[in-house]
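Okay, thanks for coming, everyone. Let me pull the structure up on the screen, and then we'll walk through it together.

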Amino acid sequence: MITEHALLTIQAGRQAEFEAEFPKAQAIISQATGFIDLQLQRGIESPETYLLLIHWQTLDDHTVGFRQSELFTQWRAIIGPFFASPPAVDHFEPLT
């Protein structure tokens with residue numbers, strides 16, 4: 001299992017709208033091969049910043065399977081318009 005760590009910066013004043021739309025995006029990504037689960041957290045000091053943690057079975061499930069699929073196009077159509085800047089994405093693997 002790997003963890004996708006994405007920092008999302010949402011346009012000022014659009015946080016509530018983003019949060020209301022996010023369940024639609026979650027329903028789409030949950031259909032992707034290798035998807036395990038996700039968690040979305042809102043920044044306290046910076047409420048326009050969100051931490052998105054997604055667990056995938058493999059790195060390729062995210063970077064190839066999902067990113068090159070129609071599901072990704074649908075996902076980005078829902079949440080992409082809210083981004084103030086491109087998300088910063090990194091992947092992590094467990095050591096223990």
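So, a warm-up: how many residues does the hairpin use to join β2 to β3? Six residues make that link. And before I go on, keep in mind that what you're looking at is a predicted model.

Let's do the sheet. There are four strands, and they form an open sheet in the order β2-β3-β1-β4, with antiparallel pairing. β2 and β4, the latter being residues 88-92, sit at the edges with a single partner strand each, so one side of each has no neighbour in the sheet. If you ignore direction, neighbouring strands here are turned by 15° against each other on average.

Now the pairings themselves. β2, residues 35-42, runs antiparallel to β3, and seven bridges hold that pairing. Two spots to find on your screen: glutamine 41 has leucine 51 in β3 as its bridge partner, and leucine 38 has isoleucine 54, also in β3. β3 also pairs with β1, residues 2-9, again antiparallel, and there we get eight bridges. For a landmark on that one, look for threonine 9, which stands opposite threonine 49 in β3.

On to the helices. α1 lies across β1, β2 and β3, and relative to β2 it runs at about 175°.

Then α3, which I'd like to spend a minute on. Which of its residues are buried? Over residues 70-79, they are Leu71, Phe72, Trp75, Ile78 and Ile79. Look down the axis of α3 and those buried residues fall within an arc of 125°, so they line one face of the helix. Swing round to the other side of α3 and you have Glu70 and Ala77, both exposed. What does the buried set pack against? That would be α1 (15-29), β3 (49-56) and α2 (59-66).

One detail at the N-terminal end of α3: serine 69 caps it, with a side-chain oxygen 3.2 Å from the backbone nitrogen of leucine 71.

Last topic, the aromatics. Searching the whole structure turns up eight aromatic pairs. Take phenylalanine 22 and tryptophan 75: the ring centres are 5.9 Å apart and the planes are at 75°, so we call this pair edge-to-face. Phenylalanine 22 belongs to helix α1 and tryptophan 75 to helix α3, so the pair ties together parts that are 53 residues apart in sequence. Buried or exposed, that phenylalanine 22? Buried, at a relative accessible area of 4%. Tryptophan 75 is buried as well, at 5%.

The other pair I picked is tryptophan 56 with phenylalanine 66. Here the centres are 5.6 Å apart and the planes at 35°, so this pair counts as tilted. Tryptophan 56 is in strand β3 and phenylalanine 66 in helix α2, so the parts being tied together are 10 residues apart in sequence. Both tryptophan 56 and phenylalanine 66 are buried.

And if you follow the ring pairs along, they link up into a cluster: Phe18, Phe22, Phe35, Tyr50, Trp56, Phe66, Phe72, Trp75 and Phe82. Notice that Phe72 and Trp75 are also on the list of buried residues in α3, so to speak our old friends from a minute ago.

That's what I had. Happy to rotate the view if anyone wants to see something again.

Terms used: Residues are numbered from 1 along each chain as its sequence is written. This is a predicted model: local features need pLDDT of at least 70, side-chain atom pairs count only at pLDDT 80 or more; totals for chains, interfaces and linings use all residues. Side-chain values use heavy atoms; hydrogens and water are left out. Buried means under 20% relative accessible area, exposed over 50%, partly exposed in between (1.4 Å probe, protein chains only). The arc is that of the directions from the helix axis to the C-beta atoms. Contact means heavy atoms within 4.5 Å. A polar contact is a pair of N or O atoms within 3.5 Å; within protein, one must be able to donate a hydrogen and the other to accept it, and residues adjacent in sequence count only if both atoms are side-chain atoms. Two strands pair if DSSP finds at least two bridges between them. Axes are lines fitted to C-alpha atoms, for helices over the stretch in contact, and angles run from 0 to 180 degrees between N-to-C directions. Rings of Phe, Tyr and Trp (its six-membered ring) pair if their centres lie within 6.5 Å; planes under 30 degrees apart count as stacked, over 60 as edge-to-face and the rest as tilted.
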